[in-house]
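Biologist: Please take one of the sheets in this model and describe it closely, then work outward to whatever packs around it and to the rest of the chain.

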Amino acid sequence: MDKVKSFAGDIRDSRIALYMENVSTLYAGEKKPSIFNISLKVRYGDFLLLTGPNGAGKTTLIETALGLLKIISGRVLLFGYHIPEEKYKALHFVSYVPQDFMKSPLEPYTVKDVVAMGLASRKEPFEKLSREERKKVKEVLDIVGVGELINKPIGKLSGGQQQRVIIARALVRDPLLLFLDEPFSSLDPEGREYMSDLFSEINKHGTTIVMVSHDKNYIPHRCNRMVEMMNGKIVRES
Ligand SMILES: Nc1ncnc2c1ncn2[C@@H]1O[C@H](COP(=O)(O)OP(=O)(O)OP(=O)(O)O)[C@@H](O)[C@H]1O
Ligand SMILES: [Mg+2]
C-alpha cells in the first residue's frame, strides 16, 4: 500500500483497488453494450472469483478495468486513477493473464524474453535487465514449473507450458492487483492444483486477485468473494 501511495501521491481511496460505478462498455462497431451498468468494488486483499457462462461479459469487465475498451457511461478507478485517462499510472501496479495467450510457432521470442516483457513497462526503452531482474525471471519460471525451458522459443511450447510462462510474466512484476482470465484452462490436474495454491499464497502476501474460472474443482482456498455475471450484468454476489 505504501508503494502505491508514494507513487500515486493522492490516492483517492486507499482501501479500494478497483472501483466501478454504473459502467457500460461498447466494442468498436457494435450497437449494444457488452456489459451494462456494472458496479463493483474490489478491496485491497480481496480474492474475487468472477463466474458466469460463455459470453456473460467476464473478459469484457476485466478489459474495461484495464482501460482497453470504450467506456460509454459510468466511472472506473484503478488504485484511485481514472480509467482510461490515467491508465498508464495505474497499470504499473497491475498484471493481467489473458484468456487468449497462445503464441504462434513462428514467434521469435524465447521464454526468457516473454517473462522479461513483464518488467518492460518499468524500464527505459531497450534498457537491459539488471542481474537481479535476470535472477527474478529465472525464479518465477522455476516457481511455475518451467525453469528448464527458459531459452526455448515460446511458440514451440505446449499450451500448458505457454500458460505457465504467461503466468510467470504476470508474477515477475510483483503486482498489487492480478487479473487472471481462465488461468487453468490448459493445465493438467496437478498443474491446476499447484497454481490454485500458488495464487492463494500470493494473495496471502498481499496481492489482490480477480480471477475468472469455470473450474469449480480448483477454487483457491483464499477466495473470499464470488461475483456471477450473465448477459453483461452482475446477477449474484457473495
Ligand atoms: N471483440 C469483440 N467485438 C464485439 N463483441 C465482442 C467482442 N468480444 C466479446 N464480444 C461480445 O461481448 C459479450 C461478452 O463477451 P466476453 O468475452 O466478455 O464473455 P466471457 O464471459 O468472457 O465469455 P467466455 O466464458 O466465453 O470467455 C459477448 O456477447 C461477446 O459476443
Ligand atoms: Mg472470457
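Modeller: The model is a predicted one. The sheet to begin with is open and has six strands in the order β6-β7-β8-β3-β9-β10, with mixed pairing. Its edges are β6 and β10, each of which pairs on one side only. Direction ignored, neighbouring strands of this sheet are turned by 20 degrees against each other on average.

At one edge, β6 and β7 pair in the parallel sense over four bridges. Within that pairing, Val94 has Leu177 in β7 as its bridge partner. Helix α6 packs on the sheet here, touching β6 and β7, and its direction makes about 175 degrees with that of β6. Helix α7 packs on the sheet as well, with contacts to β3, β7 and β8; the angle between its direction and that of β8 is about 150 degrees.

At the other edge, β9 (residues 225–230) and β10 (residues 233–237) run antiparallel and are joined by four bridges. One of the pairs is Val227 with Glu237 in β10. The two strands form a hairpin with two residues between them. Asn231, in the loop between β9 and β10, has a positive phi of about 45 degrees although it is not a glycine. For comparison, most residues other than glycine have a negative phi. Asn231 has a relative accessible area of 61%, over the 50% limit, and therefore counts as exposed.

The packing around this sheet leads to the nonpolar cores. The largest of them has 35 residues, and those with the most contacts inside it are Leu141, Val165 and Phe199. At least two residues of this core come from each of β3 (47–51), α4, α5 (131–143), α6 (159–171), β7 (177–181), α7 and β8 (208–212). Helix α6 gives the largest share, six residues. Leaving aside residues up to four places away in sequence, Leu141 touches Val111, Val115, Val146, Gly147, Ile150, Val165 and Ala168. Apart from this core lies another, of 31 residues, among them Ile35, Ala56, Phe93 and Val94. Val94 is thus named twice, as a member of that second core and as the bridge partner of Leu177. In soluble globular proteins, nonpolar side chains tend to be buried together.

A charged side chain can be followed in the same region. Arg192 lies in helix α7 (residues 189–204). Its relative accessibility is 18%, under the 20% limit, so Arg192 counts as buried. Again not counting residues up to four places away in sequence, Arg192 touches Phe184, Ser185, Ser186, Leu187, Asp215 and Tyr218.

There is also a second sheet. This open sheet has four strands in the order β2-β1-β4-β5, with antiparallel pairing. Its edge strands are β2 (35–43) and β5 (81–83), each pairing on one side only. From one strand to the next, the twist averages 10 degrees. Helix α2 (residues 58–65) packs on this sheet, touching β1, β2, β4 and β5, and its direction makes about 115 degrees with that of β1. Strands β1 (residues 16–26) and β4 (residues 70–78) are antiparallel and pair over seven bridges. In this pairing, Thr25 stands opposite Ile71 in β4.

Two backbone details belong to this part of the chain. Asn22, in strand β1, has a positive phi of about 50 degrees although it is not a glycine. At 40% relative accessibility, Asn22 counts as partly exposed. The other detail is a cis peptide bond between Ile83 and Pro84, with omega about 10 degrees. Pro84 lies in the loop between β5 and α3 (87–90).

Last comes the metal site. The magnesium ion (ligand 2) is coordinated by OG1 of Thr59 and OE1 of Gln99, at 2.0 to 2.2 Å. These two residues are 40 residues apart and link distant parts of the chain: Thr59 is in helix α2, while Gln99 is in the loop between β6 (94–97) and α4 (111–120). Thr59 has a relative accessible area of 24% and is partly exposed. Gln99 is partly exposed too, with a relative accessible area of 40%. The site may look incomplete because water is not among the atoms. Through helix α2, which packs on the four-stranded sheet, and the loop that runs between β6 and α4, the site brings the account back to strand β6, an edge of the six-stranded sheet.

Technical notes: Residues are numbered from 1 along each chain as its sequence is written. Chains are lettered from A and ligands numbered from 1 in the order in which they are written. This is a predicted model: local features need pLDDT of at least 70, side-chain atom pairs count only at pLDDT 80 or more; totals for chains, interfaces and linings use all residues. Side-chain values use heavy atoms; hydrogens and water are left out. Two strands pair if DSSP finds at least two bridges between them. Axes are lines fitted to C-alpha atoms, for helices over the stretch in contact, and angles run from 0 to 180 degrees between N-to-C directions. Contact means heavy atoms within 4.5 Å. Buried means under 20% relative accessible area, exposed over 50%, partly exposed in between (1.4 Å probe, protein chains only). Donors are N, O and S atoms within 2.8 Å of the metal (3.2 Å for Na, K and Ca); water is not among the atoms, so sites may look incomplete. A nonpolar core is a set of buried Ala, Val, Leu, Ile, Met, Phe, Trp, Tyr and Cys residues joined through side-chain atoms within 4.5 Å.
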